[in-house]
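User: I am new to this structure and would like a close look at a single part of it, namely how one of the helices packs against its neighbours. Please set that part in the context of the whole chain.

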Amino acid sequence: KGAFPGRAFFEAGASGGSGMFAPREFFEESARLMQGRLRWMHPINLTYFVWTFVRADVVLPEFMAAIGDHLSHGRLPECDRCALATMVWNYGKMSVRHD
């Protein structure tokens, strides 16, 4: 209903859900490929790619560990405040820690 059918995606309490995204296998293969290419990905682009994993309810702890390691090696200053906050949100929503 309404002028914007995708609106439910952005409404308060919307969880996204896997039904609105590519199949889980897409995310698994993307994570596998990205882990070998992290050094070429800017942290801001990486942040928003990971955001799609969160919205699709795809949690891959090994992938998130690799991202945490990557960012911990001096790349966090490359994030703007939005990317930094979003990456923290990503980890929080996934209930994944990087110590």
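Analyst: In this predicted model, the protein chain has four helices and zero strands, so that, read from the N terminus on, the order of its elements is α-α-α-α. Of the 99 residues in the protein chain, 33% count as buried, and its accessible surface comes to about 6,500 Å², with 57% of that area belonging to carbon and sulfur atoms. When contacts between residues at least 6 apart in sequence are considered, 76% of them join residues at least 24 apart.

The part to look at closely is helix α2, which covers residues 43–55, and a useful place to begin is its packing with helix α1, residues 24–35. The axes of these two helices come within 11 Å and cross at roughly 155 degrees; since angles over 145 degrees count as roughly antiparallel, α1 and α2 are therefore roughly antiparallel to each other. The crossing in which α1 passes α2 is left-handed. On the α1 side the contact is made by F27, S30, A31 and M34, and these meet L46, F49, T52 and F53 of α2. Sorted by character, the residues of this contact comprise six nonpolar and two polar ones, with no charged residue.

Helix α2 also packs with helix α3, residues 61–72, at an angle of about 160 degrees and with the axes 12 Å apart, which makes α2 roughly antiparallel to α3. This crossing, too, is left-handed. Here P43, L46, V50 and F53 of α2 meet F63, M64, I67, H70 and L71 of α3, and the residues of the contact divide into eight nonpolar and one polar, again with no charged residue. Reading the two contacts together, L46 and F53 appear in the α2 list for the contact with α1 and also in the α2 list for the contact with α3.

A further view of α2 comes from a residue in helix α4, which spans residues 81–94 and includes T86. Setting aside its neighbours within four places in sequence, T86 is in contact with T47, Y48 and W51, and these three positions fall within the range of residues 43–55 that makes up α2. T86 has a relative accessibility of 16%, and because buried means under 20%, T86 counts as buried.

How values were computed:
Residues numbered from 1 in each chain as written. Predicted model: local features only at pLDDT ≥ 70, side-chain atom pairs only at ≥ 80, totals over all residues. Heavy atoms only, no water. Axes fitted to C-alpha atoms, helices over the stretch in contact; angles between N-to-C directions. Parallel < 35°, antiparallel > 145°, perpendicular 65-115°, else oblique. Left-handed = near helix turned anticlockwise from the far one by under 90°. Contact = heavy atoms within 4.5 Å. Nonpolar A, V, L, I, M, F, W, Y, C, P; charged D, E, K, R; others polar. Buried < 20%, exposed > 50% of the residue type's maximum accessible area, 1.4 Å probe, protein only. Areas by Shrake-Rupley, 256 points an atom, 1.4 Å probe, with all protein chains shown as cover.
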